[in-house]
Amino acid sequence: MKQPGWWQPWGVGTAVLVAFWLPVCLGQVSPSPPPQGSTLKFRLAGYPRKHNEGRVEIFYKGEWGTICDDDFTIANAHVLCRQLGFVTATGWTHSAKYGKGTGKIWLDNVQCGGSERSIELCRSRGWGNSDCTHDEDAGVICKDERLPGFVDSNIIEVDENHFEEVRLRPLAEGGPKRMPITEGVVEVKLQDGWTQICSQGWSPKNSRVICGMMGFPSEKKVRNTYKHVKKIKKRGAKPKAAASSASRDTLKGRSNSKANNHRPQKRHTNGFRIHSVACTGNEVHLSVCPLEISKRNSSAPCNGGTPAVVSCMPGPLFSQVNGQKKKAKTLTKVRLKGGAKIGEGRVEVLKNREWGTVCDDRWNLQAASVVCRELGFGSAREALTGARLGQGVGPIHMNEVLCAGTEKSIWNCPFKNITSDNCKHAEDASVRCNVPYMAYEETIRIVGGRTNYEGRVEVKVGSRWGTVCSEGWTTKEAMVACRQLGLGYSLHAITETWYWESSNMTDMLLSGVKCTGEEMSLSHCQHHATVTCQKAGSRFSAGVICSETSSDLVLNAPLVQQTAYIEDRPLHMLYCAAEENCLSKSAARANWPYGHRRLLRFSSEIHNIGRADFRPKAGRHSWVWHECHRHYHSMDIFTHYDLLSANGTRVADGHKASFCLEDTECQEGIAKRYECANFGEQGITVGCWDVYRHDIDCQWIDITDVKPGNYILQLVINPNFEVSESDFTNNAMKCNCKYDGHRIWLHKCHLHDAFSEEAEKKFEQYPGQLNNQIS
């Protein structure tokens, strides 16, 4: 029984007060009081490092800073590692072993006991009070085991201490500007302005690093370099530059290259601040290459005086032929899943014709960069651990991947095989790759919303801005709009925006928009050649509500296979089911209440492996009460159940209304949040699953009229895309099915995207079984 803590003489609250006030009374260093109006965040930084070690950085008062190593102990490391999501520390480092940080040194002379819940409860000199330099930055080495349910896992990202931004200034001028910019003079933004790099000693390895930062997988030879550079200097023009995607994130305080590209820049002709660059070619950022930077107002020695020029080879997604993009080649060995943007996602690899994930043990930027380049992007901007972009399902194929960075494929890197005991999907590795700047966000905007993540969609056609017709506007189109805006996923697709009337925009410039959901821009989707919209006017234009995170539902395919059976159920027990349209059409002609219906029954288990809770689209005020089963329906259709013939014809079907979306079970350390009892909130929490048992009404397909034969059983969750998900390709599962008129057998049940294309074709062309023996 939980006891009230306020009356206990030496409860937790008292202990904290004693720990806080006693040293103050004795005149010693004191605990740092909790920040007022500021949320503390923690991260590990530095290069090179593994994901469970690095320089400790704290976000306080809107600024990242470090901790001084004075008086630092393993007890401090224990507290910090727990705040970073690890169970404990195995060591700590001093004297900026992981490189010097920047900004404030937030804490000094920190002294923890080791059991504190937060570093702010430990004694110190106070926030921002330090006599250290960044040569004394402290680091920690954490045990590579995570706390259950910890969400904000560590990110290994590029350390950009030297440079604020890197870009390519195009060599050619005049004519139409074609994106992406693949060739140009390398320019670097230091704290006091832009500068170029001396070309003396410049090598293809240096170019490879620059191209990787620009989002390109490889470099190529520059032709007629001197002539092009000389022309640019003569004209003194200021063409648009392509900035590194590592410094182009428009959210979260990163610099906005779009603004930099539009702002006139001074051209440097009086020397070069950077010279003697000597990259190995494996670096993920120019700042970690050996190089020399001259002091302010001085020039670097550069015989010949030419700037470094780089030419890059774009990947398939960004190659252009006569203004048209090539279709990306089918990649059969590695893919990214669950990412909000192009070039990011959970890493999945193909082994034995089945897709599986990669364990994040020893996952680093070199391995992540090999994946990015293999997929036609540049080097990795971030290597993410702890299933940061959602958990996968199925096998885990790789562990402890160790890449040098030169490999053509992740399969060429040394790695260990997985056993069931040493890795779980909570440790799936992910990446964020550098991608070329395409300027897509310059042709779309949202207006009128209460936040920066919502509003009416407006597009730019030529020099005009206008609205989009909302007829046919669905989650898929809204997903593309949010991706183009750089705002993540679509939470809701809005078809009436009268409550966002905040501008005089009346022109409608786009109608008939139909997207697959994978496009990078609305202009890549199908649309009318001439605007045609029955409900014209901005009040009926398309809108979006975007979100950085989204849910992702998948079915437990093996459970369906294990639990399938046939039941002949009397009609007098099926009145409720008939009322909810859970029987085939021929049931209406039956001799009620006599006779029976033959039902294919099975259990289903729906997991939320995404990064946001799955909630019904409709609010509880519009849920419909069903007296027959005494529950509320929150969605009209939650799942489709279909029995298909070999040629894909539906021979029987069923459906499941979301009569009760709730957390039946959860992973260890995750608490249930949704329960249907007493008109409770409905949904599925991240890391939890909802179980529909085989003995529940409508958890079946009525196969009364089906003849014996070989079929395909197909289940599809969220079939109408009513609720946003980060990945719709894994919503369906299929099984081979044999029915002999008396019994039924399911085999090879799998998610739609679990197998290779070759294996999936063999499944679909399956000729059927001649007997009941299942291999």
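Me: Ground rule first: buried means under 20% relative accessible area, exposed means over 50%, and partly exposed is in between. We're looking at a predicted model. So how does Arg743 count: buried, exposed or partly exposed?

Reply: The relative accessibility of Arg743 is 49%. Because exposed takes over 50%, that value of 49% puts Arg743 in the class in between. Arg743 therefore counts as partly exposed.

Me: Which residue does Arg743 meet in a salt bridge?

Reply: The cut-off is 4 Å between a side-chain nitrogen of Lys or Arg and a carboxyl oxygen of Asp or Glu. The Arg743 bridge has an N to O distance of 3.9 Å. The partner counts as partly exposed as well, with 25% relative accessibility. That partner is Asp740.

Me: Which residues do salt bridges with shared partners join into one network?

Reply: The search of the whole structure turns up 32 salt bridges. Some of these share partners, and so they join up into one network. Its members are Arg335, Lys337, Arg346, Glu348, Asp727 and Asp753.

Me: Take the salt bridge of Glu454 with Arg450: which of the two counts as exposed?

Reply: The closest N and O atoms of this pair are 2.6 Å apart. Glu454 has 5% relative accessibility, so this residue counts as buried. The other partner comes in at 70%, and the exposed class is over 50%. The exposed one is Arg450.

Me: And how far is it from N to O in the salt bridge of Glu458 and Arg456?

Reply: Glu458 is buried, with a relative accessible area of 1%. Arg456 is buried too, at 0%. Their side chains meet in a salt bridge, and the N to O distance is 3.8 Å.

Me: On to rings. What is the angle between the planes of Phe602 and Tyr641?

Reply: This is one of 13 aromatic pairs in the whole structure. The ring centres of Phe602 and Tyr641 are 5.2 Å apart, and the pair is edge-to-face. That label needs planes over 60 degrees apart. For Phe602 and Tyr641 the angle is 75°.

Me: How many residues apart are Phe602 and Tyr641?

Reply: Phe602 is in the loop between strand 34 (596-601) and strand 35 (604-608), while Tyr641 is in strand 38 (residues 639-644). Phe602 is buried at 0% relative accessible area, and Tyr641 is buried at 1%. The pair links distant parts of the chain, with a separation in residues of 39.

Me: Phe721 and Phe728 also form an aromatic pair; which of them counts as buried?

Reply: This pair is edge-to-face, with 4.8 Å centre to centre and 80° between the planes. Phe721 has 26% relative accessibility and therefore counts as partly exposed. The other ring is at 19%, and because buried means under 20%, that is enough. The buried one is Phe728.

Me: Which ring does the charged end of Arg167 sit over?

Reply: A charge over a ring turns up at Arg445, which lies over the face of Trp465 at 4.1 Å from the ring centre. For Arg167, the distance to the ring centre is 3.6 Å. The ring is that of Trp194.

Me: Last one: which side chain makes a polar contact with the side chain of Asp108?

Reply: Asp108 lies in the loop between strand 6 (104-107) and strand 7 (123-124), and at 0% relative accessibility Asp108 counts as buried. Residues touching Asp108 include Cys68, Asp70 and Cys132. The polar contact, at 3.5 Å, is with Ser130.

How values were computed. Residues numbered from 1 in each chain as written. Heavy atoms only, no water. Phe/Tyr/Trp six-rings, centres within 6.5 Å; stacked < 30°, edge-to-face > 60°. Helix = DSSP H or I, 4+ residues; strand = E, 2+ residues; numbered from the N terminus. Buried < 20%, exposed > 50% of the residue type's maximum accessible area, 1.4 Å probe, protein only. Lys NZ or Arg CZ within 6 Å of the ring centre and 35° of its normal. Polar contact = N/O pair within 3.5 Å; in protein donor to acceptor, adjacent residues only side chain to side chain. Contact = heavy atoms within 4.5 Å. Lists of a residue's contacts leave out its neighbours within four places in sequence.
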